[in-house]
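Thanks, everyone; I would like to take a few minutes on one helix pair and one pocket. Please have the model open while I talk.

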Amino acid sequence: MEPLLPVLPLLIPVATAIIALFAWRSRALQRWVGVGGAVALLAASIALLLHVRRAGITVLQAGSWPAPFGISIVADHLSAAMVLITGVMGLAVAVYSLADIDPPRERFAYYSLLHLLLAGVNGAFLTGDLFNLYVWFEVLLIASFVLLALGGTREQLDGALKYVAMNLVSSAFFLVGVGLLFGLTGTLNMADLSLRVATFEQPGLVTAIAMCFLVAFGIKSAVFPLFFWLPASYHTPPVAVSAIFAGLLTKVGVYSLIRVFTLIFVEDVGYTHTLILWIAGLTMVTGVLGAAAQHEIRRILSFHIVSQIGYMIMGLALFTPLALLGAVFYIIHHIIVKTNLFLVGGVVQRLSGSSELSLTGGMYRAHPWLAVLFLIPALSLAGIPPLSGFWAKLLLVRAGLEIESYVIVVVALLVGVLTLFSMTKIWAEAFWKPIPPDTPLPPPINRRAMALLVAPIAALAALTLTIGLWTEPFLAFAERAAAELMDPSGYVRAVLGEQAGAVASDTATPAAVTTVGAGEP
(Lines give C-alpha, C1' and ligand atoms only; values in the text may rest on other atoms or scores of the structure.)
Protein backbone atom coordinates (compact mmCIF):
# COMPACT_ATOMS: atom_id res chain seq x y z
CA MET A 1 0.00 0.00 0.00
CA GLU A 2 2.86 2.45 0.74
CA PRO A 3 3.83 2.94 -2.95
CA LEU A 4 0.23 4.03 -3.63
CA LEU A 5 0.04 6.58 -0.80
CA PRO A 6 0.82 9.64 -2.98
CA VAL A 7 -2.01 8.82 -5.37
CA LEU A 8 -4.71 7.95 -2.80
CA PRO A 9 -5.56 11.64 -2.07
CA LEU A 10 -6.40 11.90 -5.77
CA LEU A 11 -8.22 8.61 -6.26
CA ILE A 12 -10.41 8.83 -3.15
CA PRO A 13 -12.15 12.15 -3.92
CA VAL A 14 -12.54 11.24 -7.61
CA ALA A 15 -14.11 7.89 -6.65
CA THR A 16 -16.31 9.63 -4.07
CA ALA A 17 -17.49 12.14 -6.67
CA ILE A 18 -18.41 9.33 -9.08
CA ILE A 19 -20.24 7.27 -6.43
CA ALA A 20 -22.17 10.31 -5.18
CA LEU A 21 -23.14 11.11 -8.78
CA PHE A 22 -24.57 7.61 -9.29
CA ALA A 23 -26.52 8.04 -6.03
CA TRP A 24 -28.28 11.15 -7.31
CA ARG A 25 -31.75 9.67 -6.69
CA SER A 26 -31.09 9.38 -2.93
CA ARG A 27 -30.20 12.48 -0.94
CA ALA A 28 -29.48 10.41 2.15
CA LEU A 29 -27.02 8.19 0.29
CA GLN A 30 -25.29 11.21 -1.26
CA ARG A 31 -24.82 12.72 2.19
CA TRP A 32 -23.38 9.50 3.59
CA VAL A 33 -21.05 9.15 0.61
CA GLY A 34 -19.97 12.79 0.88
CA VAL A 35 -18.99 12.53 4.54
CA GLY A 36 -17.59 9.00 4.20
CA GLY A 37 -15.37 10.07 1.30
CA ALA A 38 -14.10 13.01 3.35
CA VAL A 39 -13.22 10.67 6.24
CA ALA A 40 -11.37 8.34 3.85
CA LEU A 41 -9.50 11.29 2.33
CA LEU A 42 -8.43 12.50 5.76
CA ALA A 43 -7.21 9.02 6.70
CA ALA A 44 -5.19 8.73 3.47
CA SER A 45 -3.75 12.22 4.02
CA ILE A 46 -2.62 11.33 7.54
CA ALA A 47 -1.01 8.12 6.27
CA LEU A 48 0.83 10.05 3.54
CA LEU A 49 2.12 12.66 5.98
CA LEU A 50 3.37 10.02 8.40
CA HIS A 51 5.08 8.19 5.56
CA VAL A 52 6.82 11.37 4.36
CA ARG A 53 7.99 12.14 7.90
CA ARG A 54 9.40 8.63 8.22
CA ALA A 55 10.78 7.97 4.73
CA GLY A 56 11.33 11.44 3.30
CA ILE A 57 10.21 12.77 -0.09
CA THR A 58 7.98 10.17 -1.76
CA VAL A 59 7.57 9.89 -5.52
CA LEU A 60 5.20 7.81 -7.63
CA GLN A 61 5.99 7.59 -11.35
CA ALA A 62 2.70 6.88 -13.17
CA GLY A 63 2.89 3.81 -15.38
CA SER A 64 6.49 3.23 -14.21
CA TRP A 65 7.66 5.77 -16.80
CA PRO A 66 10.81 7.40 -15.41
CA ALA A 67 10.95 11.16 -14.97
CA PRO A 68 11.07 13.47 -16.82
CA PHE A 69 9.20 11.43 -19.46
CA GLY A 70 6.29 10.25 -17.33
CA ILE A 71 3.89 11.84 -14.86
CA SER A 72 5.49 12.35 -11.45
CA ILE A 73 3.42 12.57 -8.28
CA VAL A 74 5.61 14.00 -5.53
CA ALA A 75 4.94 14.33 -1.80
CA ASP A 76 7.48 16.34 0.18
CA HIS A 77 6.83 17.88 3.60
CA LEU A 78 5.07 20.94 2.19
CA SER A 79 2.79 19.10 -0.24
CA ALA A 80 1.99 16.38 2.32
CA ALA A 81 1.01 19.05 4.86
CA MET A 82 -1.17 20.80 2.29
CA VAL A 83 -2.90 17.53 1.40
CA LEU A 84 -3.54 16.84 5.08
CA ILE A 85 -5.02 20.27 5.72
CA THR A 86 -7.18 19.78 2.62
CA GLY A 87 -8.48 16.56 4.15
CA VAL A 88 -9.25 18.34 7.43
CA MET A 89 -11.10 21.18 5.69
CA GLY A 90 -12.92 18.74 3.41
CA LEU A 91 -14.31 16.79 6.36
CA ALA A 92 -15.23 19.94 8.30
CA VAL A 93 -17.12 21.41 5.35
CA ALA A 94 -18.76 18.08 4.44
CA VAL A 95 -20.23 17.81 7.95
CA TYR A 96 -21.26 21.49 7.98
CA SER A 97 -22.90 21.02 4.57
CA LEU A 98 -25.34 18.48 6.02
CA ALA A 99 -27.11 21.37 7.75
CA ASP A 100 -26.20 24.20 5.37
CA ILE A 101 -26.83 22.96 1.83
CA ASP A 102 -30.46 22.91 0.72
CA PRO A 103 -32.07 19.89 -1.01
CA PRO A 104 -32.12 21.40 -4.54
CA ARG A 105 -28.34 21.91 -4.49
CA GLU A 106 -27.83 18.43 -3.10
CA ARG A 107 -29.89 17.00 -5.95
CA PHE A 108 -27.68 18.86 -8.42
CA ALA A 109 -24.59 16.89 -7.38
CA TYR A 110 -23.23 19.19 -4.67
CA TYR A 111 -21.23 16.43 -2.95
CA SER A 112 -19.78 15.22 -6.26
CA LEU A 113 -18.65 18.75 -7.06
CA LEU A 114 -17.19 19.23 -3.58
CA HIS A 115 -15.05 16.11 -3.89
CA LEU A 116 -14.04 16.94 -7.45
CA LEU A 117 -12.83 20.28 -6.08
CA LEU A 118 -10.82 18.46 -3.37
CA ALA A 119 -9.30 16.21 -6.04
CA GLY A 120 -8.22 19.24 -8.06
CA VAL A 121 -6.68 20.90 -5.02
CA ASN A 122 -4.76 17.77 -4.01
CA GLY A 123 -3.65 17.21 -7.59
CA ALA A 124 -2.16 20.70 -7.70
CA PHE A 125 -0.31 20.06 -4.44
CA LEU A 126 1.09 16.67 -5.50
CA THR A 127 1.91 17.02 -9.18
CA GLY A 128 5.55 17.12 -10.19
CA ASP A 129 5.20 18.80 -13.59
CA LEU A 130 3.79 22.10 -14.80
CA PHE A 131 1.42 20.76 -17.45
CA ASN A 132 -0.38 18.54 -14.96
CA LEU A 133 -0.45 21.48 -12.56
CA TYR A 134 -2.40 23.30 -15.29
CA VAL A 135 -4.73 20.29 -15.69
CA TRP A 136 -5.49 20.13 -11.97
CA PHE A 137 -6.06 23.89 -11.91
CA GLU A 138 -8.70 23.42 -14.61
CA VAL A 139 -10.33 20.57 -12.68
CA LEU A 140 -10.74 22.72 -9.56
CA LEU A 141 -11.78 25.72 -11.68
CA ILE A 142 -14.64 23.77 -13.30
CA ALA A 143 -15.82 22.37 -9.96
CA SER A 144 -15.53 25.72 -8.17
CA PHE A 145 -17.36 27.59 -10.93
CA VAL A 146 -20.33 25.21 -10.80
CA LEU A 147 -20.37 25.31 -6.99
CA LEU A 148 -20.31 29.10 -7.12
CA ALA A 149 -23.20 29.28 -9.59
CA LEU A 150 -25.24 26.41 -8.12
CA GLY A 151 -28.57 27.93 -7.17
CA GLY A 152 -28.68 30.38 -10.06
CA THR A 153 -29.44 33.61 -8.17
CA ARG A 154 -28.54 36.87 -9.91
CA GLU A 155 -25.89 37.69 -7.30
CA GLN A 156 -24.32 34.24 -7.61
CA LEU A 157 -24.14 34.38 -11.40
CA ASP A 158 -22.61 37.85 -11.27
CA GLY A 159 -19.91 36.67 -8.85
CA ALA A 160 -19.35 33.45 -10.78
CA LEU A 161 -18.81 35.27 -14.07
CA LYS A 162 -16.21 37.57 -12.51
CA TYR A 163 -14.55 34.59 -10.89
CA VAL A 164 -14.33 32.47 -14.01
CA ALA A 165 -13.33 35.39 -16.27
CA MET A 166 -10.29 36.25 -14.17
CA ASN A 167 -9.34 32.60 -13.76
CA LEU A 168 -9.49 32.10 -17.52
CA VAL A 169 -7.11 35.04 -17.90
CA SER A 170 -4.89 33.33 -15.33
CA SER A 171 -5.04 30.08 -17.29
CA ALA A 172 -4.06 31.92 -20.48
CA PHE A 173 -0.95 33.39 -18.82
CA PHE A 174 -0.18 29.98 -17.35
CA LEU A 175 -0.36 28.29 -20.77
CA VAL A 176 1.82 30.99 -22.34
CA GLY A 177 4.43 30.48 -19.63
CA VAL A 178 4.26 26.70 -19.99
CA GLY A 179 4.67 26.93 -23.76
CA LEU A 180 7.61 29.30 -23.58
CA LEU A 181 9.33 27.28 -20.89
CA PHE A 182 8.88 24.04 -22.81
CA GLY A 183 10.21 25.65 -25.98
CA LEU A 184 13.22 26.90 -24.04
CA THR A 185 14.09 23.72 -22.13
CA GLY A 186 12.24 20.81 -23.75
CA THR A 187 10.75 19.65 -20.44
CA LEU A 188 7.95 20.51 -18.01
CA ASN A 189 8.98 18.26 -15.13
CA MET A 190 9.70 20.70 -12.30
CA ALA A 191 12.72 18.81 -10.98
CA ASP A 192 14.19 18.62 -14.49
CA LEU A 193 13.42 22.30 -15.04
CA SER A 194 15.34 23.13 -11.87
CA LEU A 195 18.48 21.66 -13.46
CA ARG A 196 18.00 23.01 -16.98
CA VAL A 197 17.08 26.57 -16.01
CA ALA A 198 20.10 26.78 -13.69
CA THR A 199 22.45 26.24 -16.64
CA PHE A 200 20.62 28.37 -19.21
CA GLU A 201 22.79 31.16 -20.59
CA GLN A 202 20.07 33.82 -21.03
CA PRO A 203 18.75 34.55 -17.51
CA GLY A 204 16.83 37.60 -18.75
CA LEU A 205 14.64 35.40 -20.93
CA VAL A 206 13.98 33.06 -18.01
CA THR A 207 12.99 36.04 -15.85
CA ALA A 208 10.55 37.22 -18.53
CA ILE A 209 8.93 33.77 -18.54
CA ALA A 210 8.83 33.86 -14.74
CA MET A 211 6.65 36.98 -14.99
CA CYS A 212 4.01 34.95 -16.88
CA PHE A 213 3.86 32.53 -13.96
CA LEU A 214 3.83 35.39 -11.46
CA VAL A 215 0.75 36.88 -13.15
CA ALA A 216 -0.96 33.50 -13.56
CA PHE A 217 -0.45 32.38 -9.97
CA GLY A 218 -0.89 35.94 -8.71
CA ILE A 219 -4.44 36.01 -10.08
CA LYS A 220 -5.22 32.66 -8.48
CA SER A 221 -3.69 33.85 -5.19
CA ALA A 222 -5.61 37.16 -5.35
CA VAL A 223 -2.57 39.39 -4.87
CA PHE A 224 -2.45 43.13 -5.59
CA PRO A 225 -3.65 44.36 -8.07
CA LEU A 226 -5.31 41.15 -9.29
CA PHE A 227 -7.58 40.43 -6.34
CA PHE A 228 -10.85 42.23 -7.13
CA TRP A 229 -12.61 39.07 -8.32
CA LEU A 230 -12.40 37.48 -4.86
CA PRO A 231 -14.47 39.88 -2.69
CA ALA A 232 -16.93 40.16 -5.58
CA SER A 233 -17.69 36.43 -5.55
CA TYR A 234 -16.89 34.70 -2.25
CA HIS A 235 -19.88 36.12 -0.37
CA THR A 236 -22.46 34.90 -2.91
CA PRO A 237 -22.70 31.07 -2.58
CA PRO A 238 -23.85 29.07 0.48
CA VAL A 239 -21.60 29.40 3.51
CA ALA A 240 -20.14 25.91 3.18
CA VAL A 241 -18.97 26.72 -0.35
CA SER A 242 -17.57 30.09 0.72
CA ALA A 243 -15.69 28.41 3.56
CA ILE A 244 -13.95 25.79 1.42
CA PHE A 245 -13.12 28.45 -1.18
CA ALA A 246 -11.74 30.78 1.49
CA GLY A 247 -9.61 28.07 3.04
CA LEU A 248 -8.15 26.36 -0.01
CA LEU A 249 -8.48 27.97 -3.42
CA THR A 250 -6.16 30.95 -3.08
CA LYS A 251 -3.67 28.74 -1.19
CA VAL A 252 -3.27 26.62 -4.32
CA GLY A 253 -2.01 29.76 -6.04
CA VAL A 254 0.27 30.62 -3.12
CA TYR A 255 1.62 27.07 -3.05
CA SER A 256 2.35 27.27 -6.78
CA LEU A 257 4.18 30.58 -6.35
CA ILE A 258 6.28 29.11 -3.56
CA ARG A 259 7.02 25.97 -5.56
CA VAL A 260 8.17 27.61 -8.80
CA PHE A 261 10.01 30.54 -7.18
CA THR A 262 12.03 28.24 -4.93
CA LEU A 263 12.59 25.35 -7.34
CA ILE A 264 12.76 26.87 -10.84
CA PHE A 265 13.02 30.67 -10.94
CA VAL A 266 15.88 31.36 -8.52
CA GLU A 267 18.51 32.73 -10.89
CA ASP A 268 17.47 36.38 -10.56
CA VAL A 269 16.31 36.57 -6.96
CA GLY A 270 17.30 40.22 -6.65
CA TYR A 271 14.64 41.14 -9.22
CA THR A 272 11.89 38.51 -8.93
CA HIS A 273 11.73 38.28 -5.16
CA THR A 274 12.03 42.03 -4.66
CA LEU A 275 9.04 42.44 -6.97
CA ILE A 276 7.17 39.80 -4.96
CA LEU A 277 8.04 41.69 -1.76
CA TRP A 278 6.45 44.88 -3.12
CA ILE A 279 3.38 42.90 -4.18
CA ALA A 280 3.19 41.35 -0.69
CA GLY A 281 3.18 44.74 1.04
CA LEU A 282 0.56 46.23 -1.29
CA THR A 283 -1.60 43.11 -0.98
CA MET A 284 -1.58 43.38 2.81
CA VAL A 285 -2.49 47.06 2.82
CA THR A 286 -5.22 47.04 0.16
CA GLY A 287 -6.83 43.93 1.59
CA VAL A 288 -7.04 45.19 5.14
CA LEU A 289 -8.29 48.64 4.06
CA GLY A 290 -10.99 46.97 1.97
CA ALA A 291 -12.02 44.91 5.00
CA ALA A 292 -12.17 48.01 7.20
CA ALA A 293 -14.63 49.63 4.76
CA GLN A 294 -17.08 46.69 4.67
CA HIS A 295 -20.12 46.07 6.88
CA GLU A 296 -21.10 42.53 5.87
CA ILE A 297 -19.40 39.61 7.57
CA ARG A 298 -18.44 37.56 4.53
CA ARG A 299 -17.27 40.63 2.61
CA ILE A 300 -15.03 41.62 5.54
CA LEU A 301 -13.62 38.11 5.70
CA SER A 302 -13.15 38.00 1.91
CA PHE A 303 -11.01 41.13 1.95
CA HIS A 304 -9.03 39.64 4.82
CA ILE A 305 -8.20 36.65 2.64
CA VAL A 306 -6.48 39.12 0.31
CA SER A 307 -4.69 40.82 3.18
CA GLN A 308 -3.41 37.59 4.69
CA ILE A 309 -2.12 36.32 1.33
CA GLY A 310 0.34 39.19 1.57
CA TYR A 311 1.92 37.66 4.67
CA MET A 312 2.37 34.30 2.95
CA ILE A 313 4.15 35.68 -0.09
CA MET A 314 6.15 37.99 2.18
CA GLY A 315 7.86 34.85 3.45
CA LEU A 316 8.59 33.77 -0.12
CA ALA A 317 9.91 37.22 -1.04
CA LEU A 318 12.32 37.43 1.92
CA PHE A 319 13.63 34.01 0.82
CA THR A 320 15.48 32.90 3.92
CA PRO A 321 14.98 29.65 5.84
CA LEU A 322 13.19 31.47 8.64
CA ALA A 323 10.98 33.40 6.21
CA LEU A 324 9.95 30.25 4.35
CA LEU A 325 9.34 28.55 7.70
CA GLY A 326 7.03 31.43 8.57
CA ALA A 327 5.27 31.22 5.19
CA VAL A 328 4.59 27.48 5.54
CA PHE A 329 3.37 27.91 9.13
CA TYR A 330 1.24 30.89 8.10
CA ILE A 331 -0.48 29.00 5.28
CA ILE A 332 -1.52 26.15 7.58
CA HIS A 333 -2.70 28.54 10.30
CA HIS A 334 -4.64 30.70 7.87
CA ILE A 335 -6.47 27.85 6.16
CA ILE A 336 -7.82 26.70 9.52
CA VAL A 337 -8.85 30.06 10.97
CA LYS A 338 -10.26 31.52 7.76
CA THR A 339 -12.42 28.48 7.04
CA ASN A 340 -13.62 28.57 10.63
CA LEU A 341 -14.50 32.27 10.52
CA PHE A 342 -16.66 31.72 7.45
CA LEU A 343 -18.39 28.82 9.20
CA VAL A 344 -19.02 30.96 12.29
CA GLY A 345 -20.33 33.75 10.07
CA GLY A 346 -22.76 31.26 8.57
CA VAL A 347 -24.15 30.36 12.00
CA VAL A 348 -24.53 34.06 12.85
CA GLN A 349 -26.46 34.51 9.61
CA ARG A 350 -28.70 31.54 10.39
CA LEU A 351 -29.44 32.81 13.92
CA SER A 352 -29.98 36.49 13.07
CA GLY A 353 -31.37 36.20 9.55
CA SER A 354 -28.66 38.40 8.04
CA SER A 355 -24.91 38.81 7.81
CA GLU A 356 -25.15 42.61 7.55
CA LEU A 357 -23.65 43.98 10.76
CA SER A 358 -26.36 46.63 11.10
CA LEU A 359 -29.03 43.91 11.24
CA THR A 360 -27.29 41.58 13.69
CA GLY A 361 -26.66 41.75 17.42
CA GLY A 362 -27.13 40.11 20.76
CA MET A 363 -25.15 36.95 19.94
CA TYR A 364 -23.02 37.12 23.08
CA ARG A 365 -26.03 37.25 25.37
CA ALA A 366 -28.07 34.64 23.49
CA HIS A 367 -25.25 32.29 22.45
CA PRO A 368 -22.09 32.85 24.54
CA TRP A 369 -20.57 29.61 23.27
CA LEU A 370 -20.70 30.99 19.72
CA ALA A 371 -18.95 34.16 20.90
CA VAL A 372 -16.07 32.07 22.26
CA LEU A 373 -15.88 30.03 19.06
CA PHE A 374 -15.68 33.29 17.09
CA LEU A 375 -13.03 34.89 19.29
CA ILE A 376 -10.55 32.01 18.94
CA PRO A 377 -10.08 32.23 15.13
CA ALA A 378 -10.66 36.00 15.07
CA LEU A 379 -7.91 36.75 17.58
CA SER A 380 -5.66 34.20 15.92
CA LEU A 381 -6.15 35.95 12.57
CA ALA A 382 -5.17 39.24 14.21
CA GLY A 383 -2.04 37.67 15.72
CA ILE A 384 -2.91 37.79 19.42
CA PRO A 385 -0.70 35.54 21.60
CA PRO A 386 -0.60 32.67 22.29
CA LEU A 387 -2.75 31.67 19.32
CA SER A 388 -1.32 30.26 16.08
CA GLY A 389 -1.51 33.56 14.21
CA PHE A 390 0.84 35.18 16.72
CA TRP A 391 3.58 32.63 16.07
CA ALA A 392 3.09 32.88 12.31
CA LYS A 393 3.44 36.67 12.32
CA LEU A 394 6.33 36.53 14.79
CA LEU A 395 8.31 34.25 12.48
CA LEU A 396 7.80 36.55 9.50
CA VAL A 397 8.58 39.72 11.46
CA ARG A 398 11.75 38.18 12.86
CA ALA A 399 12.76 37.03 9.37
CA GLY A 400 12.32 40.57 8.06
CA LEU A 401 14.32 42.06 10.92
CA GLU A 402 17.17 39.60 10.44
CA ILE A 403 17.81 40.79 6.89
CA GLU A 404 16.97 44.42 7.78
CA SER A 405 13.84 44.60 5.62
CA TYR A 406 12.28 47.12 7.97
CA VAL A 407 9.60 48.57 5.67
CA ILE A 408 7.78 45.28 5.14
CA VAL A 409 8.03 44.56 8.86
CA VAL A 410 6.33 47.87 9.69
CA VAL A 411 3.64 47.17 7.08
CA ALA A 412 3.04 43.69 8.52
CA LEU A 413 2.67 45.06 12.05
CA LEU A 414 0.32 47.87 11.03
CA VAL A 415 -1.83 45.48 9.00
CA GLY A 416 -2.03 43.24 12.07
CA VAL A 417 -3.44 46.14 14.08
CA LEU A 418 -6.01 46.92 11.37
CA THR A 419 -6.96 43.24 11.23
CA LEU A 420 -7.71 43.38 14.94
CA PHE A 421 -9.86 46.47 14.27
CA SER A 422 -11.95 44.55 11.70
CA MET A 423 -12.41 41.57 14.02
CA THR A 424 -13.38 43.95 16.82
CA LYS A 425 -15.95 45.55 14.51
CA ILE A 426 -17.61 42.17 13.89
CA TRP A 427 -17.51 41.42 17.63
CA ALA A 428 -19.01 44.79 18.61
CA GLU A 429 -21.81 44.69 16.02
CA ALA A 430 -22.80 41.03 15.84
CA PHE A 431 -22.04 39.84 19.36
CA TRP A 432 -21.90 42.73 21.83
CA LYS A 433 -24.55 45.25 20.83
CA PRO A 434 -28.24 44.48 21.54
CA ILE A 435 -30.45 43.10 18.81
CA PRO A 436 -31.71 46.02 16.69
CA PRO A 437 -35.35 46.85 17.46
CA ASP A 438 -38.04 45.55 15.11
CA THR A 439 -35.61 43.10 13.52
CA PRO A 440 -37.48 39.96 12.38
CA LEU A 441 -35.68 36.81 13.49
CA PRO A 442 -35.64 33.60 11.45
CA PRO A 443 -37.12 30.36 12.79
CA PRO A 444 -34.91 28.69 15.41
CA ILE A 445 -32.43 26.06 14.26
CA ASN A 446 -33.33 22.55 15.36
CA ARG A 447 -30.94 20.75 17.69
CA ARG A 448 -29.60 18.27 15.13
CA ALA A 449 -28.82 20.96 12.57
CA MET A 450 -27.13 23.11 15.20
CA ALA A 451 -24.95 20.18 16.25
CA LEU A 452 -23.87 19.64 12.65
CA LEU A 453 -23.03 23.33 12.28
CA VAL A 454 -21.16 23.67 15.56
CA ALA A 455 -19.16 20.41 15.56
CA PRO A 456 -16.72 21.41 12.76
CA ILE A 457 -16.42 24.93 14.18
CA ALA A 458 -15.49 23.59 17.60
CA ALA A 459 -13.03 21.09 16.08
CA LEU A 460 -11.25 23.77 14.05
CA ALA A 461 -11.15 26.11 17.07
CA ALA A 462 -9.57 23.31 19.11
CA LEU A 463 -7.02 22.77 16.34
CA THR A 464 -6.17 26.49 16.38
CA LEU A 465 -5.64 26.34 20.14
CA THR A 466 -3.53 23.20 19.81
CA ILE A 467 -1.21 24.81 17.25
CA GLY A 468 -0.91 27.94 19.38
CA LEU A 469 -0.31 26.23 22.73
CA TRP A 470 1.68 23.22 21.49
CA THR A 471 3.65 24.93 18.77
CA GLU A 472 6.99 23.13 18.77
CA PRO A 473 6.11 20.02 16.70
CA PHE A 474 4.33 22.15 14.11
CA LEU A 475 7.31 24.50 13.89
CA ALA A 476 9.68 21.56 13.56
CA PHE A 477 7.64 20.16 10.69
CA ALA A 478 7.44 23.56 8.97
CA GLU A 479 11.20 23.94 9.41
CA ARG A 480 11.80 20.68 7.53
CA ALA A 481 9.48 21.84 4.77
CA ALA A 482 11.33 25.17 4.54
CA ALA A 483 14.70 23.38 4.43
CA GLU A 484 13.50 21.31 1.44
CA LEU A 485 12.38 24.49 -0.31
CA MET A 486 15.68 26.30 0.29
CA ASP A 487 17.75 23.32 -0.89
CA PRO A 488 15.79 21.64 -3.71
CA SER A 489 18.50 19.05 -4.41
CA GLY A 490 16.63 16.50 -2.28
CA TYR A 491 13.45 17.08 -4.31
CA VAL A 492 15.37 16.77 -7.58
CA ARG A 493 17.17 13.63 -6.40
CA ALA A 494 13.90 12.00 -5.33
CA VAL A 495 12.26 12.65 -8.70
CA LEU A 496 15.16 12.15 -11.12
CA GLY A 497 17.53 9.88 -9.21
CA GLU A 498 20.80 10.15 -7.33
CA GLN A 499 22.92 11.33 -10.26
CA ALA A 500 20.54 14.20 -11.02
CA GLY A 501 20.48 15.14 -7.33
CA ALA A 502 24.26 15.46 -7.33
CA VAL A 503 24.05 17.73 -10.37
CA ALA A 504 21.42 19.82 -8.57
CA SER A 505 23.77 20.34 -5.63
CA ASP A 506 26.60 21.35 -7.98
CA THR A 507 24.45 23.83 -9.89
CA ALA A 508 22.95 25.60 -6.86
CA THR A 509 22.82 29.31 -7.55
CA PRO A 510 25.11 31.65 -5.58
CA ALA A 511 22.11 33.72 -4.53
CA ALA A 512 20.35 30.68 -3.06
CA VAL A 513 23.49 29.45 -1.29
CA THR A 514 24.12 32.86 0.20
CA THR A 515 20.55 33.22 1.41
CA VAL A 516 20.55 29.88 3.19
CA GLY A 517 22.96 31.15 5.76
CA ALA A 518 21.46 34.62 6.05
CA GLY A 519 18.43 33.92 8.17
CA GLU A 520 19.03 30.64 9.98
CA PRO A 521 16.23 30.21 12.59
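Helices here are DSSP runs of H or I with at least four residues, numbered from the N terminus, while axes are lines fitted to C-alpha atoms, for helices over the stretch in contact, with angles running from 0 to 180 degrees between N-to-C directions. This is a predicted model, in which local features need pLDDT of at least 70 and side-chain atom pairs count only at pLDDT 80 or more, whereas totals for chains, interfaces and linings use all residues. Residues are numbered from 1 along each chain as its sequence is written, and side-chain values use heavy atoms, with hydrogens and water left out.

Let me begin with the pair. Helix H11 (residues 239-263) packs against helix H13 (residues 297-318) at an angle of about 20 degrees, the axes lying 11 Å apart. H11 is therefore roughly parallel to H13, a term used for angles under 35 degrees. The contact (heavy atoms within 4.5 Å) includes Val254, Leu257 and Phe261 of H11, and Ile305, Ile309 and Met312 of H13. By class, the contact residues divide into 11 nonpolar, three polar and two charged, where Ala, Val, Leu, Ile, Met, Phe, Trp, Tyr, Cys and Pro count as nonpolar, Asp, Glu, Lys and Arg as charged, and the others, Gly among them, as polar.

Now, which residues are the closest to the centre of the largest pocket? Of the 20 that line it, they are Leu49, Leu84, Ile332, Phe474 and Phe477. H14 gives the most to this lining, with five residues, and the lining as a whole divides into 18 nonpolar, one polar and one charged. On a 1 Å grid over the protein atoms alone, probed at 1.4 Å, a pocket is an open set of points with protein on both sides within 12 Å along at least five of seven lines, and lining residues have an atom within 4 Å of a point.

Notes
Helices (H or I, at least four residues) and strands (E, at least two) are DSSP runs, numbered from the N terminus. Angles under 35 degrees count as roughly parallel, over 145 as roughly antiparallel, 65 to 115 as roughly perpendicular and the rest as oblique.
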